[in-house]
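Student: Please take a close look at a single part of this model. I would like the nucleic-acid side of it described in one connected account, with cut-offs given for the terms you use.

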There are 2 protein chains.
Amino acid sequence: MFSIGKLSGSTGVKVPTIRYYEQIGILEEPDRSEGGQRVYGEEAKKRLSFIRHARELGFSLDEIRELLDLADDPNQNCMAAYEIAKRQLIEVRNRIARLTALQGELQRMLDQCSCNTIGTCRIIQVLSDHSLCTSEHLGTEAGCKAS
Amino acid sequence: MFSIGKLSGSTGVKVPTIRYYEQIGILEEPDRSEGGQRVYGEEAKKRLSFIRHARELGFSLDEIRELLDLADDPNQNCMAAYEIAKRQLIEVRNRIARLTALQGELQRMLDQCSCNTIGTCRIIQVLSDHSLCTSEHLGTEAGCKAS
DNA sequence: TCTACTTCCTCTAGTCGCTAGAGGTTCAAG
DNA sequence: CTTGAACCTCTAGCGACTAGAGGAAGTAGA
């Protein structure tokens with residue numbers, strides 16, 4: 001029996017995130033104390049750990065919802081889980097490929113920069129002119145900075 | 001002199017995205033036709049191509065704003081641009097490292113799955129129990145599926 | 001028991017980089 | 001002159017949280 005803070009501490013999932021998971025329905029509504037505060041048991045902890053681990057492995061919350069449904073029914077065939085994981089693996093591979101192309105391009109940019117004035121700066125030049133790039137780095141691999 | 005549609009076609013940036021860039025101030029407000037429609041010149045096209053290319057290379061719009069400011073002043077020292085690009089390269093390297101760990105873990109999960117029932121499914125087991133993982137895959141590399 | 005302090009509650013709004021849609025106007029071709 | 005595409009503004013939504021306001025509940029020490 002723990003409070004949301006203890007649950008957070010023991011799983012590494014932040015308190016507002018736990019409440020968010022409850023809100024979107026991937027975590028059950030827990031019992032409440034007399035004063036109305038959330039009280040969790042072991043089952044909730046297991047479920048939250050599962051979610052956290054799956055998030056770390058890059059699964060979306062929708063995929064996790066599916067995986068949790070599967071996990072709740074131990075007699076089902078696990079082909080569906082296999083498919084979800086396989087899709088994720090392919091996704092990860094693609095992202096690695098795109099990022100590797102980016103890495104090469106960035107490295108080349110930096111290598112060629114002699115750090116004089118902006119007017120002659122290779123970095124600015126390359127950004128201005130895609131044709132100066134060697135590889136294709138076309139993936140939309142942008143805007144998802146890890147925190 | 002082109003309309004927003006032509007600009008979109010020649011740069012590969014979608015029309016609403018161009019308007020969005022204007023709204024957040026990284027693209028100048030263009031002249032307007034008598035009827036009030038946007039009319040762009042070569043300069044806008046160059047700037048938008050720059051933005052697009054930088055986005056492809058994974059820079060955030062804030063970083064692009066900085067890079068554009070730098071590009072506008074050709075006498076400045078390009079150290080600042082170098083730093084921005086270097087930061088980005090480090091970021092990309094980190095993401096590759098995290099994703100590679102994920103990839104390994106997912107692969108291992110799939111390899112061990114014999115596809116019987118959920119009750120014995122290795123995928124579900126691994127997700128339930130982090131200690132079954134070999135490598136550390138702790139990065140928050142989640143939720144940013146490429147489109 | 002009182003007090004102080006931490007933790008908890010709900011609610012709303014913001015993050016990033018767009019994307020979608022409503023409801024209306026302008027433009028270009030035939 | 002008509003048609004239909006492209007344009008306009010505005011608001012709201014996506015995913016997965018994060019931040020903050022304003023207040024209630026729980027807990028540890030005096």
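Tutor: What follows describes the protein surface near DNA strand C, then the surface near DNA strand D, and then the setting of both.

The model is predicted, so local features need pLDDT of at least 70 and side-chain atom pairs count only at pLDDT 80 or more, whereas totals for chains, interfaces and linings use all residues. Residues are numbered from 1 along each chain as its sequence is written, chains are lettered from A and ligands numbered from 1 in the order in which they are written, and side-chain values use heavy atoms, with hydrogens and water left out.

DNA strand C has 19 residues around it, and those that come nearest are Gly5(A), Arg19(A), Arg38(A), Tyr21(B) and Arg55(B). A residue is near a strand if one of its heavy atoms lies within 4 Å of it. By type, the surface near DNA strand C holds four nonpolar, 10 polar and five charged residues. Here Ala, Val, Leu, Ile, Met, Phe, Trp, Tyr, Cys and Pro count as nonpolar, Asp, Glu, Lys and Arg as charged, and the others, Gly among them, as polar. On the DNA side, sugar or phosphate accounts for 90% of the strand C atoms within 4 Å of the protein, and bases for the rest.

Several polar contacts (pairs of N or O atoms within 3.5 Å; within protein, one must be able to donate a hydrogen and the other to accept it, and residues adjacent in sequence count only if both atoms are side-chain atoms) reach phosphate oxygens. For strand C, Tyr21(B) places a polar side-chain atom 2.7 Å from a phosphate oxygen. Lys14(B) has a side-chain N or O atom at 3.5 Å from a phosphate oxygen of this strand, and Leu61(B) uses a backbone N or O atom, at 3.3 Å. Two elements give two or more residues to the surface near DNA strand C: helix 1 (4-11) of chain A and helix 2 (15-23) of chain B. Helix 2 of chain B gives the most, with three residues. Helices (H or I, at least four residues) and strands (E, at least two) are DSSP runs, numbered from the N terminus.

DNA strand D is also surrounded by 19 residues, the closest being Tyr21(A), Arg55(A), Gly5(B), Arg19(B) and Arg38(B). This surface divides into four nonpolar, 10 polar and five charged residues. Of the strand D atoms within 4 Å of the protein, 90% are sugar or phosphate atoms and the rest belong to bases. Arg19(B) brings a polar side-chain atom to 2.3 Å from a phosphate oxygen of strand D. Backbone N or O atoms are used by Arg38(B), at 2.8 Å from a phosphate oxygen, and by Leu61(A), at 3.5 Å. The elements giving two or more residues to the surface near DNA strand D are helix 2 of chain A and helix 1 (4-11) of chain B. The largest share, three residues, comes from helix 2 of chain A.

The two chains are related as follows. A turn of 180° with a shift of 0.0 Å along the axis lays chain A on chain B with an RMSD of 0.2 Å. That is the relation of a two-fold axis. The superposition is by least squares on the C-alpha atoms of residues with pLDDT of at least 70 in both copies. Of the interface residues of chain A, 100% are also interface residues in chain B, so the copies meet through the same surface.

Some residues of the helices named above can be placed individually. Buried means under 20% relative accessible area, exposed over 50%, and partly exposed in between (1.4 Å probe, protein chains only). Ser8(A), in helix 1 of chain A, counts as buried because its relative accessibility is 14%. Leaving aside neighbours within four places in sequence, Ser8(A) is in contact (heavy atoms within 4.5 Å) with Val13(A), Lys14(A), Val15(A) and Ile18(A). Pro16(A) belongs to helix 2 of chain A and is exposed, with a relative accessible area of 53%. Thr17(B), in helix 2 of chain B, is partly exposed at 26% relative accessibility.
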